[in-house]
Amino acid sequence: MLYYPRTPLASSLADALQGKDVFSDAPNGLFLAAPRRTGKSTFLQADLMPELQRRQVVVVYVDLWADQKRDPGSLIAEAVGQALLKQLGVVAKTAKLAGLDSISVGGIKIDTSKIGKVDGSTLTDALRALSEASKAPVALVIDEAQHALTSEAGETAMAALKSARDQLNRPGEVRLMLVMSGSDRDKLLRLVNTNAAPFYGSQIHRMPELGADFIAHIAQLIVRQRADLAPVNEATLSEAFTRFGQRPQFFMEALGQVLSPLATNTGRFEDAMLDKALQKQDADESQMESDFTALRPLEQAVLWRMLELGQRFRPYDADALQFYNEKTGEKVTVAKAQKALEGLRAHQPSLIWKSARSEYAVEDAAMLRWYTQRVAAGSWPPASPQLDWVDE
């Protein structure tokens with residue numbers, strides 16, 4: 001698997017997190033949004049985290065998307081607890097063997113029975129103890145952070161992290177760095193955009209996507225392996241990458257296919273790459289259209305309303321019910337609308353996301369882009385087959 005280092009970006013973000021960039025709010029929390037499969041997690045794990053560790057920062061990483069059956073609050077607490085256990089090491093084991101109920105770390109009493117199993121209520125103490133035990137600042141990196149909002153425990157953990165940040169950080173001294181990433185900017189915004197949000201006032205930054213420098217790097221690798229293909233048409237290759245949604249995994253898979261000795265394409269490989277990108281784009285859009293048209297009329301109307309309004313979506317207000325009535329030609333009650341929402345959540349894969357506060361959003365941001373393009377082209381809504389059914 002190809003890894004393209006993004007060292008300058010990692011270095012500049014590490015500077016910002018440590019408070020070295022006077023114009024950055026990163027010490028209060030760095031929130032990065034990037035579409036799925038565009039290299040966000042790879043950057044965090046292979047670039048930013050090693051850069052922070054090189055600067056003697058203790059890094060704790062947790063991916064809330066990795067195990068969606070686990071409560072996000074528990075995942076965050078467990079990651080911090082395991083990091084604390086690793087730092088305490090022999091001290092913790094000795095205390096447990098000696099039957100001690102607690103140990104003191106920098107004046108902080110830590111329950112030996114909870115080390116490695118820290119719950120949300122002790123998250124602040126655990127992070128402070130982790131910093132004290134390691135004699136170093138701590139960076140907590142939470143991937144797909146918006147998933148924390150899907151449970152009360154997750155919301156509690158976020159509030160605890162905000163409290164920990166306020167208690168541990170001082171002007172000129174950053175002991176707790178928070179990095180939160182998300183594949184959907186609209187969902188991530190719910191952590192920062194209201195008075196009730198745990199990180200109200202912080203900014204969401206779009207993580208720079210791979211671009212011309214990445215394509216130039218790929219072109220060099222191609223020429224190094226296949227000198228007969230020089231010079232590489234980087235403009236066409238770049239267009240293909242854009243058509244792939246700037247997703248390196250799909251781009252590299254296609255590149256392997258067109259450069260294979262078994263490939264049947266004729267002409268330049270760059271043109272073959274562009275063809276594959278267009279095929280992938282058509283396939284993705286066809287799948288979304290198929291998913292949409294297969295829904296029941298009321299489910300389509302609810303999803304349509306959600307796509308149209310974004311964060312302003314309210315599923316049961318008078319305007320929403322009137323919208324559903326107009327699109328389905330039937331009298332829609334709150335109960336029927338609720339049933340449609342449950343159907344959209346039960347869809348495999350799920351088409352909508354729900355927070356612990358019963359806020360709703362489209363699950364995959366790609367569907368929103370597809371909807372926006374269809375509206376701009378005047379081809380919305382997709383033609384649906386006539387379904388003969390009764391919504392009971």
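Ser181 is buried, with 0% relative accessible area in this predicted model. The residue belongs to strand β6. Its C-alpha atom lies 4.6 Å from that of Leu32, although 149 residues separate the two along the chain. Beyond residues up to four places away in sequence, Ser181 touches Leu32, Lys40, Leu44, Ile142, Asp143, Glu144, Ala145, Gln146 and Leu188.

Gln146, one of these partners, sits in the loop between β5 (138-143) and α6 (152-168). Its relative accessibility is 3%, so Gln146 counts as buried, the limit being under 20%. A polar contact of 2.7 Å joins the side chain of Gln146 to the side chain of Glu144. With neighbours within four places in sequence left aside, Gln146 contacts Ser181, Gly182, Ser183, Lys187, Leu188 and Trp353.

The largest nonpolar core holds 42 residues. Ile76, Leu127, Ile142, Met158, Leu161, Met180 and Leu191 touch the most other members. At least two core residues come from each of β1 (30-33), β2 (58-63), α3 (72-88), α5 (123-134), β5, α6 and β6 (176-182). Helix α3 gives the most, with 7 residues. Met158 has contacts with Ile76, Ile142, Ala145, Ala148, Met180, Leu191, Pro198 and Phe199, again leaving aside neighbours within four places in sequence. Another core, of 29 residues, lies apart from the largest one. Its members include Leu309, Phe313, Ala337 and Trp370.

Helix α6 also carries Arg165. At 10% relative accessibility, Arg165 is counted as buried. Outside its neighbours within four places in sequence, Arg165 is in contact with Pro27, Asn28, Leu176, Leu178, Phe199 and Ser202.

Helix α13 spans residues 318-328. Its buried residues are Ala320, Leu321, Phe323, Tyr324, Asn325 and Thr328. Their cover includes α12 (297-309) and α14 (334-346). Gly329, just after α13, takes a positive phi of about 75°.

Aromatic pairs, taken as rings with centres within 6.5 Å, number 13. Tyr4 and Phe214 form one edge-to-face pair, at 5.5 Å centre to centre and 70° between the planes. Tyr4 lies in the segment before α1 (7-17) and Phe214 in helix α8 (residues 212-225), so this pair ties together parts 210 residues apart in sequence. Both Tyr4 and Phe214 are buried. The ring planes of Phe241 and Phe251 meet at 75°, with centres 5.1 Å apart, so this pair is edge-to-face. Phe241 belongs to helix α9 (residues 234-243) and Phe251 to helix α10 (residues 248-258), 10 residues apart. Phe241 and Phe251 are buried.

Ring pairs also link Phe292, Trp304, Phe323, Tyr324, Trp370, Tyr371 and Trp380 into a cluster. Phe323 and Tyr324 of this cluster are among the buried residues of α13. Trp370, another cluster member, belongs to the core of 29 residues.

Two basic side chains lie over aromatic rings. Arg6 is placed over the face of Phe43, at 5.8 Å from the ring centre. The charged end of Lys280 sits over the ring of Phe250, 4.2 Å from its centre.

Methods: Residues are numbered from 1 along each chain as its sequence is written. This is a predicted model: local features need pLDDT of at least 70, side-chain atom pairs count only at pLDDT 80 or more; totals for chains, interfaces and linings use all residues. Side-chain values use heavy atoms; hydrogens and water are left out. Helices (H or I, at least four residues) and strands (E, at least two) are DSSP runs, numbered from the N terminus. Buried means under 20% relative accessible area, exposed over 50%, partly exposed in between (1.4 Å probe, protein chains only). A polar contact is a pair of N or O atoms within 3.5 Å; within protein, one must be able to donate a hydrogen and the other to accept it, and residues adjacent in sequence count only if both atoms are side-chain atoms. Contact means heavy atoms within 4.5 Å. A nonpolar core is a set of buried Ala, Val, Leu, Ile, Met, Phe, Trp, Tyr and Cys residues joined through side-chain atoms within 4.5 Å. Rings of Phe, Tyr and Trp (its six-membered ring) pair if their centres lie within 6.5 Å; planes under 30 degrees apart count as stacked, over 60 as edge-to-face and the rest as tilted. A charge sits over a ring if NZ of Lys or CZ of Arg is within 6 Å of the ring centre and within 35 degrees of the ring normal.
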